[in-house]
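Hi everyone, thanks for making time for this. I'd like to walk you through one structure today, so let me put it up on the screen.

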Amino acid sequence: DYNDGLVMYAEDHNDAAEKAFSLGKPVLLTTGSRNLLPYLQQSRAIGLPVVARVLPHAESVEACKSAGLTDGQVITGRGPFTVKENLEVISNFNIGTLVTKDSGASGGVPEKVEAARIAGCNIIIIKRPDWVSPLTFRAVDALVAEAASMR
């Protein structure tokens with residue numbers, strides 16, 4: 001949990017887009033290519049630049065183009081990225097707000113947050129959904145015991 005004045009949490013992509021563009025600064029999306037529409041709608045409505053960093057797959061790049069992003073608004077790469085790499089993107093595109101999903105260390109969130117803090121950049125973190133299944137386990141031994149009982 002990151003608690004300071006630069007970090008805001010969002011419930012979903014619509015909420016994140018509203019919050020990100022309300023801050024009046026160029027936005028960097030590190031949320032993938034599947035949920036671009038709310039951000040592009042806000043970008044166009046408010047007139048602020050948006051840049052998306054997506055996986056270097058043809059499908060991801062095509063999704064960006066189909067959504068209306070130009071080549072100059074799309075960065076491709078496979079993370080997680082270092083603090084230095086995140087800082088370079090923030091600096092090169094004059095980013096004032098970074099949007100990320102709460103994907104933990106494996107998704108490079110600590111490095112994104114650290115880079116944004118160094119740059120004085122706002123951060124919007126999209127919360128993980130509150131989804132609990134009857135098969136949710138908090139300990140590996142409980143999962144193993146359940147799997148053994150299913151045989």
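**Strand pairs and the sheet**

Let me start with one pair of residues: Val27 has Val50 of E3 as its bridge partner. One caution before I go on: what you see is a predicted model.

That pair belongs to a parallel pairing, in which three bridges connect strand E2, residues 27-29, with strand E3, residues 50-54. E2 is also joined to E5, again in parallel and again by three bridges. If you want a residue to click on there, take Leu29, whose bridge partner in E5 is Val99.

Moving on from E5, we reach strand E6, residues 122-126, and these two strands are paired in the parallel sense over five bridges. Here Thr100 is matched with Ile125 of E6.

Now let's zoom out. In what order do the six strands form the open sheet? Reading across, the order is E1-E6-E5-E2-E3-E4, with parallel pairing. The edges are taken by strand E1, residues 7-10, and by E4; each has a single partner strand, so one side of each has no neighbour in the sheet. From one strand to the next, the twist averages 20°.

And how enclosed is E5 by the rest of the structure? Four of its five residues are buried, so E5 is largely enclosed.

**Helices alongside**

Let's stay with E5 for a moment. Together with helix H5, residues 109-119, and E6, it makes a β-α-β unit, and that unit is right-handed.

H5 also packs against H4: the angle is about 50° and the axes are 8 Å apart. That angle makes H4 oblique to H5. The residues in contact are, on the H4 side, Val83, Asn86, Leu87 and Ile90, and on the H5 side, Glu111, Lys112, Glu114, Ala115, Ala116, Ile118 and Ala119. As for handedness, H4 passes H5 in a right-handed crossing.

**Two loops to check**

Since many of you look at backbone torsions, here are two spots on either side of H4. Where is the cis peptide bond with omega of about 5°? It joins Gly79 and Pro80. Pro80 sits in the loop that runs between strand E4, residues 74-76, and helix H4, residues 83-92.

The other spot is Asn94, in the loop between H4 and strand E5, residues 97-101. Asn94 is not a glycine, yet its phi is positive, about 55°. Is Asn94 buried or exposed? With a relative accessible area of 59%, Asn94 is exposed, because the cut-off for that is over 50%.

**One buried serine**

My last stop is Ser43, which you'll find in helix H2, residues 37-46. Ser43 has a relative accessible area of 9%; buried means under 20%, so Ser43 counts as buried.

What is Ser43 in contact with, once its neighbours within four places in sequence are left aside? The partners are Phe21, Leu48, Pro49 and Val50. Phe21 is 22 residues away from Ser43 along the chain, but their C-alpha atoms are separated by 6.8 Å. And Val50 brings us back to where I began, as the bridge partner of Val27.

That's my tour. Thanks for listening, and I'm happy to rotate the view if anyone wants another look.

Terms used:
Residues are numbered from 1 along each chain as its sequence is written. This is a predicted model: local features need pLDDT of at least 70, side-chain atom pairs count only at pLDDT 80 or more; totals for chains, interfaces and linings use all residues. Side-chain values use heavy atoms; hydrogens and water are left out. Buried means under 20% relative accessible area, exposed over 50%, partly exposed in between (1.4 Å probe, protein chains only). Two strands pair if DSSP finds at least two bridges between them. Axes are lines fitted to C-alpha atoms, for helices over the stretch in contact, and angles run from 0 to 180 degrees between N-to-C directions. A crossover is right-handed if, with the strands pointing away from the viewer, the path from the first strand over the helix to the second runs clockwise. Angles under 35 degrees count as roughly parallel, over 145 as roughly antiparallel, 65 to 115 as roughly perpendicular and the rest as oblique. A crossing is left-handed if the near helix is turned anticlockwise from the far one by less than a right angle, and right-handed if clockwise. Contact means heavy atoms within 4.5 Å.
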